[in-house]
Amino acid sequence: CQFKYGVLVIGSGSMTGAINVGDVSLYEQYEKQNIKEGDIIIFKRDGLNIVHRVIDIKIINKEKRYYTKGDANPQMDEGYVREKDIVGLARLRIRYIGYPSLWVRDIFS
């Protein structure tokens with residue numbers, strides 16, 4: 001994202017209810033904003049952008065660690081998220097508009 005805001009098409013059901021497959025999430029680029037429990041963040045893991053909710057925050061050895069979970073997932077995510085891996089904070093959901101992008105992805109994959 002080269003701008004203050006970016007968009008991300010949701011391709012998995014891990015946040016179903018808050019953000020569904022085919023929705024677009026408008027996010028604010030992370031620039032050290034205050035993140036609190038309950039916020040939905042976008043972070044990098046294994047080369048993918050993940051959109052999950054912060055369920056716990058701990059400071060260990062002066063490092064802030066964010067523990068996350070997809071709302072529709074039965075368990076919290078493995079490990080934790082470091083600040084350097086945070087891409088942005090979800091600010092707005094636009095329903096259904098991302099489906100064409102997912103259809104094109106499916107055709108070419």
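## A tour from whole chain to surface patch

Among contacts in the chain between residues at least 6 apart in sequence, 53% link residues that are at least 24 apart. Keep that in mind as you look around this predicted model.

**Stop 1: the whole chain.** Select everything and switch to a cartoon view. You should find 1 helix and 7 strands. Trace the chain along its sequence and the order reads β-β-β-β-β-β-β-α. The radius of gyration is 14 Å, close to the 13 Å expected from the globule rule for 109 residues, so the chain is as compact as a globular protein of that length.

**Stop 2: the C-alpha trace.** Now show C-alpha atoms and align the view with the principal axes. The box they fill is roughly 45 × 35 × 25 Å.

**Stop 3: inside and outside.** Colour the residues by relative accessible area. Of the 109 residues in the chain, 34% are buried. Then turn on the surface: the chain exposes about 6,900 Å², and 54% of this comes from carbon and sulfur atoms.

**Stop 4: strand S7.** Select residues 86-94, which make up strand S7, and pick out Ile94 within this strand. Is Ile94 buried or exposed? The answer lies in between: its relative accessible area is 35%, so Ile94 counts as partly exposed, given that buried means under 20% and exposed means over 50%.

**Stop 5: the nonpolar patch.** Keep Ile94 selected and add Leu92 and Ile97 as side chains. These residues form a nonpolar patch on the surface, and together they have about 260 Å² of accessible area. With Ile94, then, you have one residue that belongs both to strand S7 and to this surface patch.

Key. Residues are numbered from 1 along each chain as its sequence is written. This is a predicted model: local features need pLDDT of at least 70, side-chain atom pairs count only at pLDDT 80 or more; totals for chains, interfaces and linings use all residues. Side-chain values use heavy atoms; hydrogens and water are left out. Patches are made of residues with over 30% relative accessible area and no salt bridge: like charges are joined within 9 Å, nonpolar side chains (Val, Leu, Ile, Met, Phe, Trp, Tyr) within 5 Å. Accessible areas come from the Shrake-Rupley method with a 1.4 Å probe; for residues, only the protein chains shown count as cover. A salt bridge is a side-chain nitrogen of Lys or Arg within 4 Å of a carboxyl oxygen of Asp or Glu. Helices (H or I, at least four residues) and strands (E, at least two) are DSSP runs, numbered from the N terminus. Buried means under 20% relative accessible area, exposed over 50%, partly exposed in between (1.4 Å probe, protein chains only). The radius of gyration is taken over C-alpha atoms; the globule rule is 2.2 Å times the number of residues to the power 0.38. Contact means heavy atoms within 4.5 Å.
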